[in-house]
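Reader: I have the model open and want the reasoning behind its labels. Can you take me through them, cut-offs included?

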Amino acid sequence: MLIPALKLKSSILNTIIKIVGENGVSVNELDRFSYSRDANTRSNIEAHYAHFKNFPKIITWPKTNQQLANLIQVAAENNIPITTFGGGSSICGGATPTDKSLVIDTKRLNKIIRLDTDKLYVEVESGIMALELEKYLQRHGYTLGHFPSSILCATLGGFLATRSAGQYSSKYGKIEDMIIDLEFVDGTGTIRQTSDVSRTRGFDLTQCIVGTEGTLGIITKAKLKIYHQPSKKIFQAYIFDNFENGIESLRRIMQTGIKPDALRLYDEYETALVLSKISKRTVDEERLASTMPDFFIQNLKSFKSSAFNLLFKSHRLLTQFLSLAWTRCALITVLEGSEKIIQPQLEIISNVCENLNAINIGTNIATHWHKHRYSVSFEGAKLIQDGAFVDTMEVATTWDNIDHLYHGVKRSLNPYCIVLAHVAHIYPDGAAIYFTMISPLSGLRRSVKKYDSIWQHALKAVQDYGGVLSHHHGIGRLKKDYIKKEWGEAHTLYHNLKHYFDPNKILNPGVLAN
Ligand SMILES: Cc1cc2nc3c(=O)[nH]c(=O)nc-3n(C[C@H](O)[C@H](O)[C@H](O)COP(=O)(O)OP(=O)(O)OC[C@H]3O[C@@H](n4cnc5c(N)ncnc54)[C@H](O)[C@@H]3O)c2cc1C
């Protein structure tokens with residue numbers, strides 16, 4: 001592989017070395033190669049065919065907010081675009097650099113500054129790896145309550161920059177519900193501190209910075225709410241006759257006012273997949289699995305044995321038959337807390353499910369999910385090796401529109417890829433639908449073309465059927481062309497803020513709404 005020779009004035013490199021020291025900067029080929037992409041699927045497809053690009057010029061690892069501010073000043077003076085890199089787990093190309101970029105990796109800004117167990121908050125630098133922060137809190141008997149599937153490979157700053165959601169968001173909220181205030185460095189290199197205005201109804205600068213994907217400033221520090229670690233966890237699973245009844249149960253449960261930690265409703269395809277993964281089934285699960293049509297089981301086998309072309313050829317037909325032959329959908333529930341808190345919630349959930357004719361099938365599926373809840377981090381890579389690419393899209397809407405959005409997106413995508421879905425992140429007024437899109441690889445150019453076309457159909461369908469583009473993965477480079485329509489007047493406001501905080505437009509160009 002040939003990485004283009006570095007074109008960089010030695011005076012700039014020397015200035016950067018003065019700021020972060022020899023160990024805080026690299027221009028070597030291996031580092032430029034390693035930082036040339038994040039976790040987005042388009043780059044993964046290209047990498048599968050050994051096609052690499054976007055090698056940044058310089059990678060830096062500042063250790064203090066002042067070093068980071070000085071780096072931004074140098075970039076601003078020399079008109080060098082900056083890519084902020086946390087864990088690099090963005091699946092929308094948000095942390096993918098350009099070949100002119102100065103990369104600022106935040107992971108050495110990782111100090112825990114204060115744990116306040118009276119006011120229940122933790123103050124921490126933004127580059128800390130998410131799992132490290134959670135482990136620290138749990139050692140002291142607390143939790144952040146934020147458990148995204150990427151907890152093994154993401155930073156706190158990345159979460160804040162993308163408005164991330166964890167698996168227990170129904171109880172703890174998303175990261176923007178946890179933040180109290182933050183420090184950031186804007187595009188002029190000025191260090192700024194936001195205020196906690198949660199009780200004053202003031203103009204909330206914290207919430208203006210959260211979710212802007214590093215385009216208005218780099219978050220360096222944050223104060224976040226914490227909770228006492230729950231003493232007990234209870235799992236349960238139910239099977240509904242169809243997806244619509246499952247959705248109705250979610251709405252009814254959340255509107256009773258209880259706050260289950262997690263509710264996940266799988267559509268019929270994902271339900272069958274989930275069931276097929278359980279090796280030791282209970283009597284109820286066995287009975288249920290035996291009602292799956294034979295042709296469906298054959299397809300699941302080919303899914304597992306990676307005969308993707310075969311599966312893909314038959315999937316359109318399969319999906320049509322499936323709606324007639326197998327409509328069962330599984331709901332898993334997780335409740336945490338003391339016995340006194342859990343039991344009444346469990347009763348409410350059981351009543352709602354029974355009233356909708358659901359069958360309680362025990363705990364197996366739910367505990368299996370819990371055990372493997374972070375494994376998704378490794379599955380995409382395996383699928384690519386097996387000859388297919390996979391991507392996910394998490395959209396949200398209100399209860400009155402959820403069936404419309406689900407069926408609309410599925411209909412629009414069915415001609416182009418296999419589509420599975422589940423509903424997670426459940427709120428009193430609505431929920432997020434998480435679509436998984438799978439398609440066989442067919443050479444570099446055709447695969448990338450197919451990938452782009454699937455996303456164009458997907459994003460158009462989301463907007464046509466009244467969903468929002470992203471519940472938690474962010475916009476990045478992937479969805480930016482659609483954001484203007486979603487934001488409306490706020491798009492102008494964003495650009496005014498951009499002009500104010502980043503007049504040279506050096507922060508993450510090409511990301512979000514740039
Ligand atoms: C397998 C897998 C599972 C995932 N599961 C979830 C999930 O359950 N929930 C979820 O919400 N997301 C999930 N994601 C998406 C991703 O993990 C999140 O978007 C996460 O918030 C990114 O964190 P990061 O540290 O990796 O950020 P990066 O990928 O490095 O960056 C993401 C964006 O934020 C910017 N950024 C990073 N740090 C800062 C900072 N300090 N200040 C300003 N801007 C910054 C970057 O420039 C980029 O635009 C998943 C991703 C993968 C690969």
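Author: Start with one cut-off: a residue is called buried when its relative accessible area is under 20%. Phe501 has 4%, so Phe501 is buried. One caution: this is a predicted model.

Reader: What makes Tyr500 exposed?

Author: Exposed means over 50%. Tyr500 has 54% relative accessibility, so Tyr500 counts as exposed.

Reader: Why is the pair of Tyr500 and Phe501 called edge-to-face?

Author: Two values decide it. The ring centres are 5.0 Å apart, and paired rings need centres within 6.5 Å. The planes stand 75 degrees apart, and edge-to-face needs over 60. Therefore the pair is edge-to-face.

Reader: How many aromatic pairs does the structure hold?

Author: The structure holds 11 aromatic pairs. One of them joins Phe33 and Phe52, with 4.9 Å centre to centre and 75 degrees between the planes. The angle is over 60 degrees, so this pair is edge-to-face.

Reader: What does the pair of Phe33 and Phe52 tie together?

Author: Phe33 lies in helix α2, residues 29-34. Phe52 lies in the loop between α3 (41-48) and β2 (58-60). The pair therefore ties together parts that are 19 residues apart in sequence.

Reader: Why are Phe33 and Phe52 called partly exposed?

Author: Partly exposed lies between the 20% and 50% cut-offs. Phe33 has 26%, so Phe33 counts as partly exposed. Phe52 has 25%, so Phe52 gets that label too.

Reader: Which residues form an aromatic cluster?

Author: Tyr35, Trp61 and Phe85 form one.

Reader: Now the ligand. How do you know that Ser89 makes a polar contact with the ligand?

Author: A polar side-chain atom of Ser89 lies 2.6 Å from a ligand oxygen. The cut-off is 3.5 Å between N or O atoms, so this counts as a polar contact. Ser90 offers a polar backbone atom, 2.7 Å from an oxygen of the ligand. Ser164 uses a polar side-chain atom, 3.0 Å from a ligand oxygen.

Reader: How much of the ligand's accessible area does the protein cover?

Author: On its own, the ligand has 960 Å² of accessible area, and the protein covers 96% of that.

Reader: Which elements give two or more residues to the shell around the ligand?

Author: They are β3 (82-85), α6 (156-162) and β10 (217-225). The largest share, 5 residues, comes from α6. In total, 35 residues surround the ligand, and Thr84, Gly86, Ser89, Ser150 and Thr155 are the closest. The shell divides into 12 nonpolar, 22 polar and 1 charged.

Reader: How do you know that Cys353 is in no disulfide?

Author: The structure holds 0 disulfides. For Cys353, the nearest cysteine sulfur is that of Cys329, 13 Å away. A disulfide needs sulfur atoms within 2.5 Å, so Cys353 is in none.

Reader: Is Cys353 buried or exposed?

Author: Buried: Cys353 has 1% relative accessibility, and the cut-off is under 20%. Cys208 has 19%, so Cys208 is buried as well.

Reader: What makes the phi of Leu120 worth a look?

Author: Most residues other than glycine have a negative phi. Leu120 has a positive phi of about 55 degrees, although it is not a glycine. Leu120 is found in the loop between β5 (112-116) and β6 (121-125). Asn508 also has a positive phi, near 45 degrees. Asn508 is in the segment after α21 (490-501). At 4%, Asn508 is under the 20% cut-off and therefore buried.

Note on methods
Residues numbered from 1 in each chain as written. Predicted model: local features only at pLDDT ≥ 70, side-chain atom pairs only at ≥ 80, totals over all residues. Heavy atoms only, no water. Near = heavy atom within 4 Å. Polar contact = N/O pair within 3.5 Å; in protein donor to acceptor, adjacent residues only side chain to side chain. Areas by Shrake-Rupley, 256 points an atom, 1.4 Å probe, with all protein chains shown as cover. Helix = DSSP H or I, 4+ residues; strand = E, 2+ residues; numbered from the N terminus. Nonpolar A, V, L, I, M, F, W, Y, C, P; charged D, E, K, R; others polar. Buried < 20%, exposed > 50% of the residue type's maximum accessible area, 1.4 Å probe, protein only. Phe/Tyr/Trp six-rings, centres within 6.5 Å; stacked < 30°, edge-to-face > 60°.
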